[in-house]
Structure formats: structure tokens, C-alpha cells
Amino acid sequence: MSGRRKLIAGNWKMNGRHEDGVALATGLAEKLRGAGTVPFDLLVCPPATLIWPVAAAVTGSGVAVGGQDCHVKTSGAHTGDISPAMLTDAGCAYVIVGHSERRQDHKESDALIAAKAAAAHAAGLVAIICVGETKEQRQAGQAGAVVASQLAGSIPAGATATNTVIAYEPVWAIGTGLTATPADVAEIHALIRADLLKRLDSGAAVRILYGGSVKPDNAVELMAVPDVDGALVGGASLKVADFWGIASACL
Ligand code: PGA
């Protein structure tokens with residue numbers, strides 16, 4: 001036993017209207033309440049428009065709420081952005097930073113991601129910092145080097161096991177139905193753990209999530225890999241049965 005409590009995180013991405021989001025959140029809250037004591041934390045990261053109603057729907061259930069991104073500043077003239085303080089105000093305890101879709105779509109650099117994570121920490125949020133190689137980088141044998149360089153650039157000073165979670169998400173496995181093999185996952189998670197042990201006093205306790213086409217039918221195998229401390233789930237987090245099925249792999 002690692003002593004690290006697993007974290008099952010749902011990244012809803014740009015999906016859901018009010019009714020769907022509240023129904024999904026309510027369904028998960030009911031599952032968690034009905035399950036009694038469980039050995040994992042459950043987190044949902046809805047799109048910004050749904051954070052308030054989702055937070056209201058899960059109040060008191062133990063389901064945590066997170067944002068999908070944040071700005072580095074607390075407030076000001078930043079049209080379209082959301083600050084870490086706004087996320088805490090809306091009921092969030094976590095925020096995802098550096099997701100590969102933001103790295104690609106918004107050209108986010110490691111330095112910006114580190115600044116976002118630091119801003120999240122300052123606001124009292126847990127930052128889930130995402131790393132992962134592309135298909136081309138894996139085929140060129142660079143997966144480990146890419147992840148190491150992203151960790152070096154994206155983890156801010158002041159990161160601890162309490163305020164930081166790392167998510168390893170190979171870009172080629174996201175939304176494609178392709179998952180890394182348990183051996184591939186084990187190799188990269190071991191590399192991340194070794195890096196965290198060198199970098200942080202509390203590196204042994206930092207949770208490292210795997211993400212990329214995690215489904216109920218592969219979750220048991222993936223969650224059993226050493227140094228896999230949970231999952232960051234996209235597509236399969238949009239249905240109560242699927243997401244709960246993944247969480248149940250930790251029971
Ligand atoms: P997926 O997405 O589960 O749909 O592959 C994972 C993620 O991008 O966090």
C-alpha cells in the first residue's frame with residue numbers, strides 16, 4: 001500500500017448544459033453517499049458555466065469540484081478568463097492546469113502552466129498539473145524526456161503533496177480509445193515518481209494520475225499499476241455509470 005488515497009477526477013471539457021451537468025453531478029453525489037466509506041476521492045471538473053450549479057448539487061456529498069483552467073491573476077482586465085479566486089468562490093477545491101488541449105489550442109508554455117499552478121496554490125486550490133508526450137514524440141523514443149522536461153518547467157516553487165497532483169496523459173491516448181499499456185504507464189509513472197522524490201520533500205506522497213481513454217473495462221488493470229494514484233477521465237466521466245464504474249475499480 002502506498003498510503004496515497006486514489007483520486008478519480010472527471011474532466012467534462014466543453015460538454016454539458018445546465019440540466020445535464022446537474023443530473024450528472026446529482027447522480028454521482030447519490031452514488032458516493034450510498035457507498036459509505038470509500039478509499040478514493042471523487043472530483044468533477046465541469047465547464048465554467050456549470051461550476052456553481054454543480055457545486056450546489058454535490059454539497060455535503062463528498063464529491064469535490066474543480067475548474068479546467070485558471071488565469072495567473074486574481075482579477076482585472078482579462079476578457080474571457082477566470083481567476084483562481086473565482087474558482088474557490090464558486091466552490092472549487094481543485095483546478096486542472098496544462099491540459100494538453102490547452103497546451104495545443106492556446107499554445108500554453110510550461111512557464112505559464114507553472115505560473116497558473118502557483119496562482120492556484122496561492123488561492124488555496126490543488127493544482128492538477130498535466131504532462132504527456134505526443135504520438136510522434138513516443139515513436140521517436142522521447143516520451144520520458146518530454147515528460148521530464150514538462151515536469152521541470154511546469155511544477156512551481158512551493159509545490160507540495162497537499163497542493164499538487166500530477167496527471168500523466170499521453171496525448172495520443174486522449175479521446176482516441178487507445179490506452180498506454182500497463183507497462184508503458186508503469187515506466188512513465190516511475191520516472192515521474194523519481195523526479196518528484198528529487199524535486200519535492202513530499203514527493204513520495206504526491207498523487208500521480210493516469211489519463212487517456214480510461215474506461216470501466218480497463219480501469220482495474222490501470223489502477224493496479226504501481227504509482228498510479230487515480231485517473232483523469234474525459235469521455236467516460238460524462239455518464240454516471242461509466243465514471244462510477246471507474247471509481248469502483250479502486251474499491
Ligand atoms: P479521455 O480524456 O478520457 O476522453 O481520453 C482524458 C483527458 O483528456 O483528461
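This briefing describes the fold of one protein chain and then looks at a few of its strands, helices and residues. The model is a predicted one. The chain holds 10 helices and 8 strands, and 52% of its 251 residues count as buried. Its radius of gyration is 17 Å, which agrees with the value near 18 Å that a compact globule of 251 residues would have.

**Overall shape and surface**

- Along the principal axes, the C-alpha trace spans about 45 × 45 × 35 Å.
- Among contacts with a separation of 6 or more, 73% come from residues 24 or more positions apart in the chain.
- The chain exposes about 10800 Å², and carbon and sulfur atoms supply 55% of that area.
- There are 20 positive and 23 negative side chains, and the centres of the two sets lie 1 Å apart.

**Strand β6 and its partners**

- Strand β6 covers residues 164-168, and 5 of its 5 residues are buried, so the strand is largely enclosed by the rest of the structure.
- In a regular strand the side chains alternate between the two faces of the sheet.
- In β6, T164, I166 and Y168 lie on one side, while V165 and A167 lie on the other. Both faces are covered, as the residues on each side are all buried.
- Strand β5 (residues 126-131) pairs with β6 in the parallel sense over 5 bridges. Here V131 stands opposite Y168 of β6.
- Strand β7 (residues 207-211) also pairs with β6 in the parallel sense, over 4 bridges. Y210 in β7 is the bridge partner of Y168.
- Y168 therefore serves as a reference point for both pairings: V131 stands opposite this residue, and Y210 is its bridge partner in β7, within a strand that is largely enclosed.

**Strand β8 and its partners**

- Strand β8 runs over residues 230-233 and is covered on both faces. G230 and L232 are buried on one side, and A231 and V233 are buried on the other.
- Strand β1 (residues 6-11) pairs with β8 in the parallel sense over 4 bridges. A9 stands opposite L232 in this pairing.
- Strands β7 and β8 run parallel and are joined by 2 bridges. Y210 stands opposite A231 of β8.
- Y210 thus links the two descriptions, as the bridge partner of Y168 and as the residue opposite A231.

**R193 and D229**

- R193 lies in helix α8, which covers residues 182-199. Its relative accessible area is 7%, so R193 is buried under the 20% cut-off.
- Leaving out residues up to four places away in sequence, R193 touches R4, G203, A204, A205, V206, I208, D227 and D229.
- R193 and I208 are 15 residues apart in sequence, and their C-alpha atoms are 7.9 Å apart in space.
- D229 sits in the loop between α9 (216-223) and β8. Its relative accessibility is 2%, and D229 counts as buried.
- Outside its neighbours within four places in sequence, D229 is in contact with R193, among others. The other contacts include S2, R4, R5, K6 and L7, as well as V206, R207, I208 and L209.
- D229 and C250 are 21 residues apart in sequence, with their C-alpha atoms 9.6 Å apart.
- R4, V206 and I208 appear in the contacts of R193 and also in those of D229.

**Helix α2**

- Helix α2 covers residues 51-58, and its buried residues include I51, P53, V54, A55 and V58.
- An α-helix has 3.6 residues a turn, so residues three or four places apart point the same way.
- The cover over the buried residues of α2 includes two helices, α1 (18-35) and α3 (84-89). The strands β2 (40-45) and β3 (64-67) are also part of that cover.
- G60 follows α2, and its phi is positive, near 80°.

**S100 in helix α4**

- S100 lies in helix α4, which covers residues 100-105.
- At 10% relative accessibility, S100 counts as buried.
- Not counting residues up to four places away in sequence, S100 touches V171 and I174.

Conventions:
Residues numbered from 1 in each chain as written. Predicted model: local features only at pLDDT ≥ 70, side-chain atom pairs only at ≥ 80, totals over all residues. Heavy atoms only, no water. Rg over C-alpha atoms; globule rule 2.2 N^0.38 Å. Buried < 20%, exposed > 50% of the residue type's maximum accessible area, 1.4 Å probe, protein only. Contact = heavy atoms within 4.5 Å. Areas by Shrake-Rupley, 256 points an atom, 1.4 Å probe, with all protein chains shown as cover. Lys, Arg positive; Asp, Glu negative; His and termini not counted. Charge placed at Lys NZ, Arg CZ, Asp CG, Glu CD. Pairing = 2+ DSSP bridges.
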